[in-house]
Every structure is written in structure tokens, then in C-alpha cells.
Amino acid sequence: MDQNTVFEGKTAAALSYITFVGLIIAYFMNSESKNPFAAFHIRQSLGLTLTYFLFMIPLSSFNSWLVSGPFMLAFLALWLYGIVSAFQGQIKPLPIVGNFYQRVFSVNK
């Protein structure tokens with residue numbers, strides 16, 4: 001991917017990691033231009049957000065940091081990895097789950 005494509009998609013890519021609202025805004029920002037760099041990070045962020053809600057809703061019923069704390073730390077590490085790679089202009093899938101997110105949320109099936 002050339003540097004111009006990365007530069008044009010960097011704003012939407014980084015914005016996609018900033019809350020769920022940022023993900024929606026980034027999706028609509030990229031809906032017209034279809035920048036592959038931004039699309040990659042939007043898929044990563046979407047997967048990360050859905051995984052967070054999928055796990056935290058049942059974990060919150062335990063009402064204990066010993067149960068939910070390790071997941072929160074893992075989520076924070078993955079989120080930081082994703083947002084830093086977006087700011088650096090890199091296409092690196094998230095560890096463990098990134099390739100899965102790309103396969104599941106890819107349009108070309």
C-alpha cells in the first residue's frame with residue numbers, strides 16, 4: 001500500500017478506535033472513499049468493540065475486579081496496539097484475534 005493511501009485513511013483509521021461513536025463516524029467517513037487502510041482498522045476496531053461487549057456483559061454480573069480485571073487489561077493492550085499501529089500507518093492485525101476479525105468482517109467473501 002502506498003503512502004498516499006495510508007495518509008488519506010489515517011484520520012478515519014485512528015478515529016475508529018475512539019469509542020463506539022468514533023467507529024460509526026469512521027465507517028461513514030470511509031463509505032465513499034473506500035480507503036483500504038482505513039477499512040482494515042475499522043474492521044479491527046469493530047471486532048474489538050464487539051468482543052468487548054460480548055465478554056463484559058456476562059463478566060459484569062460477577063461484580064469483581066478479580067474476574068473482569070484481566071480481561072480489561074487484555075482489552076486495553078489490544079486497543080493500544082491497534083491505535084498505535086493506526087497512528088504509525090501500519091497494517092498489523094491485532095495479536096490473536098486480528099486475522100479472525102479481518103476474515104469475519106471482510107466484504108470480499
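**Pockets, a surface patch and two unusual loop residues**

Helix 2, helix 3 and helix 4 each bring at least two residues to the lining of the second largest pocket. Helices here are DSSP runs of H or I with at least four residues, numbered from the N terminus. A pocket is found on a 1 Å grid over the protein atoms alone, as an open set of points where a 1.4 Å probe fits, with protein on both sides within 12 Å along at least five of seven lines; a lining residue has an atom within 4 Å of a point. The model is a predicted one, so to speak of a local feature takes a pLDDT of at least 70 and to count a side-chain atom pair takes 80 or more, while totals for chains, interfaces and linings use all residues. Residues are numbered from 1 along each chain as its sequence is written, and side-chain values use heavy atoms, with hydrogens and water left out.

Back to that second largest pocket. It holds about 180 Å³ of space, a volume being the space filled by probe spheres set on grid points that are joined across faces, edges and corners. Helix 3 has the largest share of its lining, with five residues. The full lining runs through Ser16, Tyr17, Ile18, Thr19 and Phe20, then Ser45, Leu48, Thr49, Tyr52 and Phe53, and finally Phe75 and Trp79. By class, that makes eight nonpolar residues, four polar ones and no charged ones. For this sorting, Ala, Val, Leu, Ile, Met, Phe, Trp, Tyr, Cys and Pro are nonpolar, Asp, Glu, Lys and Arg are charged, and the others, Gly among them, are polar.

The largest pocket offers about 450 Å³ of space. It is lined by 16 residues, and Tyr27, Ala39, Ile42, Arg43 and Val107 are the closest to its centre. Helix 2 and helix 3 each supply at least two residues of this lining, and helix 2 gives the most, namely six. Charged residues do turn up in the largest pocket: its lining has two of them, next to ten nonpolar and four polar residues.

Tyr27, which sits in helix 2 (residues 19-33), also belongs to a nonpolar patch on the surface. Its partners there are Phe20, Ile24 and Phe28, and the four together have about 430 Å² of accessible area. Areas like this come from the Shrake-Rupley method with a 1.4 Å probe, and for residues only the protein chains shown count as cover. To join a patch, a residue needs over 30% relative accessible area and no salt bridge; nonpolar side chains (Val, Leu, Ile, Met, Phe, Trp, Tyr) are joined within 5 Å, and like charges within 9 Å. A salt bridge, in turn, puts a side-chain nitrogen of Lys or Arg within 4 Å of a carboxyl oxygen of Asp or Glu.

Now for the loops. Most residues other than glycine have a negative phi. Lys34 has a positive phi of about 50° and is not a glycine; Lys34 lies in the loop between helix 2 and helix 3 (36-59). Asn63, in the loop between helix 3 and helix 4 (65-87), also has a positive phi, near 55°. Lys34 is exposed, at 61% relative accessible area, and Asn63 is exposed too, at 72%. Exposed means over 50% relative accessible area, buried under 20%, and partly exposed in between, with a 1.4 Å probe and protein chains only.

Some helix residues sit at the other end of that scale. In helix 1 (residues 3-15) there is Ala14, buried at 8%. Thr5 is in helix 1 as well and counts as buried at 19%; its C-alpha atom is 13 Å from that of Gln88, 83 residues away along the chain. Leu59, in helix 3, is buried with a relative accessible area of 17%.
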